[in-house]
Structures are given as structure tokens and as C-alpha cells.
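Biologist: Could you take one part of this model and walk me through it closely, side chains included? I'd like one connected account rather than a list.

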Amino acid sequence: MLPQNKFQDVIFTLFMAFVMVYAMICYNISLSVGGMQNFVFLAAFKEIIIMWPIAVALELLFVGKLAQKLAFRFVTPGKDPMIMIVLAISAMSVCLMCPLMSLVATILFKNAGVEFVAVWLQTTALNFPMALCWQIFFAGPLVRNVFGFFVKTIGKGKQ
């Protein structure tokens, strides 16, 4: 299920951004320490305090609408199957958010110095496949299903 109004959009964005940002922070910490380790799951919470609000703000103020515009260049609501529309919007969101969030991470956590552009591009290149797969196969379906469950449950309670 997708959001039907602005309030639902904010709730959906908060949840989706948390799931995406947490996973990507875990991924990046794992890359920097040479592989996944148990401490990564807790260490990610130190960075999520900074990165989650940034992701939410970017999505609500800029990325959400632009991702839809870009997606609707090759899918048509009402004509194409809903799954194609969802996948197109999800893919465009990753195409926009990955370089932006990689830029933020490079500025805040990478100490790139004179190699800033190279480090940002490398960070984006390493993050993109993970972000796209995580979004399409795991985070997207999970968040849409949990969000749909709560919207239906709350909707029944109001009747």
C-alpha cells in the first residue's frame, strides 16, 4: 500500500527512510571495517541520529516529487500495472537519494580532504547496487506491507 494523503506520506517516509538508512549505515560500516561484525548493528545507531532526519527531509522536500516525475516518464498511472509504477518510483528514488546521501556521508564521516570528489563517487558507486537491491527486494515490500497493515487496522478502528 502507498500513502493516500500528506500525513500518510510523512509516516511512510519516516518508516522507509529509517529502514533504508539503517541498512545502508550497517553496510558502510561493514565496508570500512572489512566485513560484517556484530558490533555494527549497535554502531549504526550513532550515525542514524544524523542521517535519518537528513534522508527524511530530502525525501519530503525534494526527492519524492522528482522521483515520481522521472518515473512517470516511462510508466503511466492507470495504464501500467501498479507493480511497475511502484518499482519505477522506487528505482528513481534510489537514483536520486543514493548520490545525495553518499554526499552527506562523505562530508560527515569520510575525512576525504583533497580526494573529496573521488571518495564521494566511490561511495556512491559502492552504495548504489546495495541501495537498489535493498529497496526493491526487501525494504520496499516490507515497509509497504507493514504500512498497509497499520492503515487498514487504524481505518477499521475508526468505523
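Modeller: Sure, let's stay with helix α1 and start at a pair inside it: aspartate 9 and lysine 6 both sit in α1, three residues apart, or about one turn of the helix. Bear in mind that this is a predicted model. The two side chains form a salt bridge, with the closest N and O atoms 3.7 Å apart. That falls inside the cut-off, because a side-chain nitrogen of Lys or Arg has to be within 4 Å of a carboxyl oxygen of Asp or Glu. By that rule the count comes to one salt bridge. As for solvent, lysine 6 is exposed, at 51% relative accessible area, while aspartate 9 comes out at 25% and so counts as partly exposed.

Now for the rings. The count of aromatic pairs comes to six. One of them joins phenylalanine 12 and phenylalanine 147 edge-to-face, with 5.2 Å centre to centre and 80 degrees between the planes. This pair links distant parts of the chain: phenylalanine 12 belongs to α1, phenylalanine 147 to helix α4 (residues 116–158), and 135 residues separate them. Both phenylalanine 12 and phenylalanine 147 are buried.

Phenylalanine 18 and tyrosine 22 make a stacked pair, with 6.1 Å between centres and 5 degrees between planes. The stacked label applies because planes under 30 degrees apart count that way. These two are four residues apart in α1, so about one helical turn separates them. Their accessibility puts them in separate classes: phenylalanine 18 is partly exposed, with a relative accessible area of 29%, whereas tyrosine 22 is buried at 19%. The cut-off matters for tyrosine 22, because buried means under 20%. Phe18 and Tyr22 also belong to one aromatic cluster together with Phe45 and Trp52.

Stepping back to the helix as a whole, how does α1 meet α2? The axes of α1 (residues 6–33) and α2 (residues 39–71) come within 7 Å and cross at roughly 140 degrees. The two helices are therefore oblique to each other. If you'd have called that antiparallel, the label would need an angle over 145 degrees. The crossing is right-handed. On composition, the residues of the contact between α1 and α2 divide into 22 nonpolar, two polar and four charged.

Methods. Residues are numbered from 1 along each chain as its sequence is written. This is a predicted model: local features need pLDDT of at least 70, side-chain atom pairs count only at pLDDT 80 or more; totals for chains, interfaces and linings use all residues. Side-chain values use heavy atoms; hydrogens and water are left out. Axes are lines fitted to C-alpha atoms, for helices over the stretch in contact, and angles run from 0 to 180 degrees between N-to-C directions. Angles under 35 degrees count as roughly parallel, over 145 as roughly antiparallel, 65 to 115 as roughly perpendicular and the rest as oblique. A crossing is left-handed if the near helix is turned anticlockwise from the far one by less than a right angle, and right-handed if clockwise. Ala, Val, Leu, Ile, Met, Phe, Trp, Tyr, Cys and Pro count as nonpolar, Asp, Glu, Lys and Arg as charged, and the others, Gly among them, as polar. Buried means under 20% relative accessible area, exposed over 50%, partly exposed in between (1.4 Å probe, protein chains only). Rings of Phe, Tyr and Trp (its six-membered ring) pair if their centres lie within 6.5 Å; planes under 30 degrees apart count as stacked, over 60 as edge-to-face and the rest as tilted.
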